[in-house]
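Work through the exercises below with the model open. Each task is followed by its solution.

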Amino acid sequence: QPVLDDIEKWEDVVKFPNLDEYDWEGSLAMQSAIMGADRDQRVVEYGMWNGQFLRLTHLMGFENALCAMLEEPEACDALFAAITDYKIKLVERIAKHFKPDIITSYDDIATERGLFMSPGTYRSLIKPHHKRLNDAIRANGIVPFIHTCGKCEEIIPDYIEIGTSAWT
């Protein structure tokens, strides 16, 4: 169920977990036992779910999220910036503890027929945050991928421009 009905009040509703309270070493031990990956023979990918747009839709529902992007772009941009800041902190910890070769960000901004929004809206509201996250991933020595369900070919050149190495 959506928990945010007014995008301008997102700071009152959205709370980010404290990443320093997470048991990174315990998680690494568990993952290592499961994976048993020979790092010389296998590529290790970390999936970073719920991108900026998807998180907005989870908070507000699709219709309200899309309306908020049109009616209150500044508030959406502020929320996307906060989500990206959090994800960048997460990337730093993932790089330190898991050392993946690839991080795939998941942000489904399209349907089987096309984008949920105009390419211009993507470029003005979401692309800068995708780029900033990609830049942080690369700065940590990891290759950024993006997963986008749906027909998003209109913005594949944008994905290339922001440093995405692959689209899945």
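**Exercise 1.** Is Gln52 buried or exposed? Then list its contacts outside the local sequence.

Solution. The model is predicted: local features need pLDDT of at least 70, side-chain atom pairs count only at pLDDT 80 or more, and totals for chains, interfaces and linings use all residues. Residues are numbered from 1 along each chain as its sequence is written, and side-chain values use heavy atoms, with hydrogens and water left out.

Step 1: read the relative accessible area of Gln52, which is 1%. Gln52 is therefore buried (under 20% relative accessible area; exposed is over 50%, partly exposed in between; 1.4 Å probe, protein chains only).

Step 2: place the residue. Gln52 lies in helix H3, residues 52–60 (helices are DSSP runs of H or I, at least four residues; strands are runs of E, at least two; both are numbered from the N terminus).

Step 3: skip neighbours within four places in sequence. Gln52 then contacts Phe80, Ile83, Thr84, Asp107, His129, His130 and Leu133 (heavy atoms within 4.5 Å).

**Exercise 2.** Which residues touch the most other members of the largest nonpolar core?

Solution. Step 1: apply the definition. Such a core joins buried Ala, Val, Leu, Ile, Met, Phe, Trp, Tyr and Cys residues through side-chain atoms within 4.5 Å.

Step 2: rank the 30 members. Ile7, Leu56, Met69, Ile109, Ile126 and Tyr159 come out on top.

Step 3: find the largest share. H5 gives 6 residues.

**Exercise 3.** Where is Asn50, and what is its phi?

Solution. Asn50 sits in the loop between strand S1 (45–48) and H3. Its phi is positive, about 55 degrees, although Asn50 is not a glycine.
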